[in-house]
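Hi,

Here is the model I said I would pass on. Have a look at it first, then read my notes underneath.

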Amino acid sequence: MKRLLFMLILLLFCSLLHASEVPQYAMPRTQVVPLKDITTGHQYELYIKLPEEYSKDKSYPVLYFTDAVWHIEALSSATFFLFDEVILVGISWRKNINTTQLQEEGPFVSRYADYSFTKSKNSEQQHKYQFGQANAHAAFIRNQVIKYVESNYSVKSNSRSYFGYSLGGLFGAYILLTQPNTFDNYMLGSPSVRQLDALKTLSSSKQPLKGKVFISVGTDEHKLAPQIDAFIDYLKSKQSDSLSLHKTMPDGTHQTAFPETVIRSINWLKSIYGSSQQ
């Protein structure tokens, strides 16, 4: 028994010793592009995945999404089987995070700052997470991410879509209300719109809301569902010929409804653009 334990420990040690020699998995047709926010100095990565038969002779709609590490595999699979004629652009969390905070909170800690639009009333929490930087992050996406993609890939005009889930969905709602021209389609999965009154005060009064909006909430999200319904009612009160809404309720909780949300949202996007691009 001791010998077996020793051999297992030795095998584990050897595997760790040579881990750096093992080729890392790379998703086909996917590029990782580092991009620094010239305003804030925050460093990000773009995960850009092209359609299987991508050609510069064609133009493609683009689906931008936050929480790139969490979502790229699900969106990649869904688009491959349901709507391959789309370019995926995932935006990572910040890469230049304080080492201590990275170890204590994890690589996703910057999402609390980048996807939220209000500061915390708790001074200690505010100092730790720096809530309320959605405006700066949205500006980075508009001024740098979108420009980079549209300068380097064959992109169909008026074809920008956004996908965000949970806090990423809130971030999408924030952009819809404050800078509606950023995207043409908004796919908001279980958006955490708990601060709806604060969100309403930020709504742009200079330009009408526009775009096609997909909103989902899980059948078992009993606490969040009324808040999402209130958000939908608010959008309806602002509705015009340039704004359309689609609500769906996939089975599950906030966590388990995610896979079905991805499938339904991609099918919805396909219904907008169809299966063939010019």
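Below is what I found, going from confidence to the sheet, the helices and one residue in a bit more detail.

First, a caution: this is a predicted model. The pLDDT averages 88 over the chain, and 88% of the residues score at least 70. The weak part is residues 2-22, where pLDDT is below 50 and the model has 0 contacts beyond near neighbours in sequence. Where pLDDT is low, the predicted coordinates should not be read in detail. I'd leave that stretch alone.

Now the sheet. It is open and has 8 strands, in the order β1-β2-β4-β3-β5-β6-β7-β8, with mixed pairing. The edges are β1 (30-36) and β8 (243-248), each of which pairs on one side only. From one strand to the next, the twist averages 20 degrees.

If you start at the β1 end, β1 and β2 run antiparallel and are joined by 7 bridges. Within that pair, valine 33 sits opposite leucine 46 of β2. The hairpin of β1 and β2 has 6 residues between the strands, and glycine 41 there adopts a positive phi near 85 degrees. On to the next pair: β2 and β4 are also antiparallel, with 4 bridges between them. Isoleucine 48 has valine 89 in β4 as its bridge partner. As for burial, β2 is mostly covered, with 5 of its 7 residues buried.

The parallel sense turns up between β3 (residues 60-65) and β5 (residues 155-165), which pair over 5 bridges. There you will find tyrosine 64 opposite tyrosine 162 in β5.

What lies across the sheet? Helix α6 (residues 134-152) lies across β1, β2 (43-49), β3, β4 (87-91) and β5, and runs at about 130 degrees to β1. Helix α9 (residues 225-237) lies across β6 (185-189), β7 (211-216) and β8, at about 160 degrees to β8.

The helix I spent some time on is α10 (residues 258-273). At 1.5 Å a residue, its 16 residues should span 22 Å, and the end C-alpha atoms are 23 Å apart, so the two agree. Which of its residues are buried? They are Phe258, Thr261, Val262, Ser265, Ile266, Trp268, Leu269 and Tyr273. These cover an arc of only 160 degrees around the axis, so they are on the same side of α10. The elements that cover them include β3, α2 (68-82), β5, β6, β7 and β8. Just after α10 comes glycine 274, with a positive phi of about 80 degrees.

Last, a residue to click on: leucine 82, which is found in helix α2. Is leucine 82 buried or partly exposed? Its relative accessibility is 25%, and buried would need under 20%, so leucine 82 counts as partly exposed. Leaving aside neighbours within four places in sequence, leucine 82 is in contact with Ile263, Ile266, Asn267 and Lys270. Ile266 is also among the buried residues of α10. Leucine 82 and isoleucine 263 are 181 residues apart in sequence, yet their C-alpha atoms are 8.2 Å apart in space.

That's it from me; the structure is yours now.

Cheers

Note on methods: Residues are numbered from 1 along each chain as its sequence is written. This is a predicted model: local features need pLDDT of at least 70, side-chain atom pairs count only at pLDDT 80 or more; totals for chains, interfaces and linings use all residues. Side-chain values use heavy atoms; hydrogens and water are left out. Two strands pair if DSSP finds at least two bridges between them. Helices (H or I, at least four residues) and strands (E, at least two) are DSSP runs, numbered from the N terminus. Axes are lines fitted to C-alpha atoms, for helices over the stretch in contact, and angles run from 0 to 180 degrees between N-to-C directions. Contact means heavy atoms within 4.5 Å. Buried means under 20% relative accessible area, exposed over 50%, partly exposed in between (1.4 Å probe, protein chains only). pLDDT is the predictor's confidence in each residue, from 0 to 100. The expected span of a helix is 1.5 Å times one less than its number of residues. The arc is that of the directions from the helix axis to the C-beta atoms.
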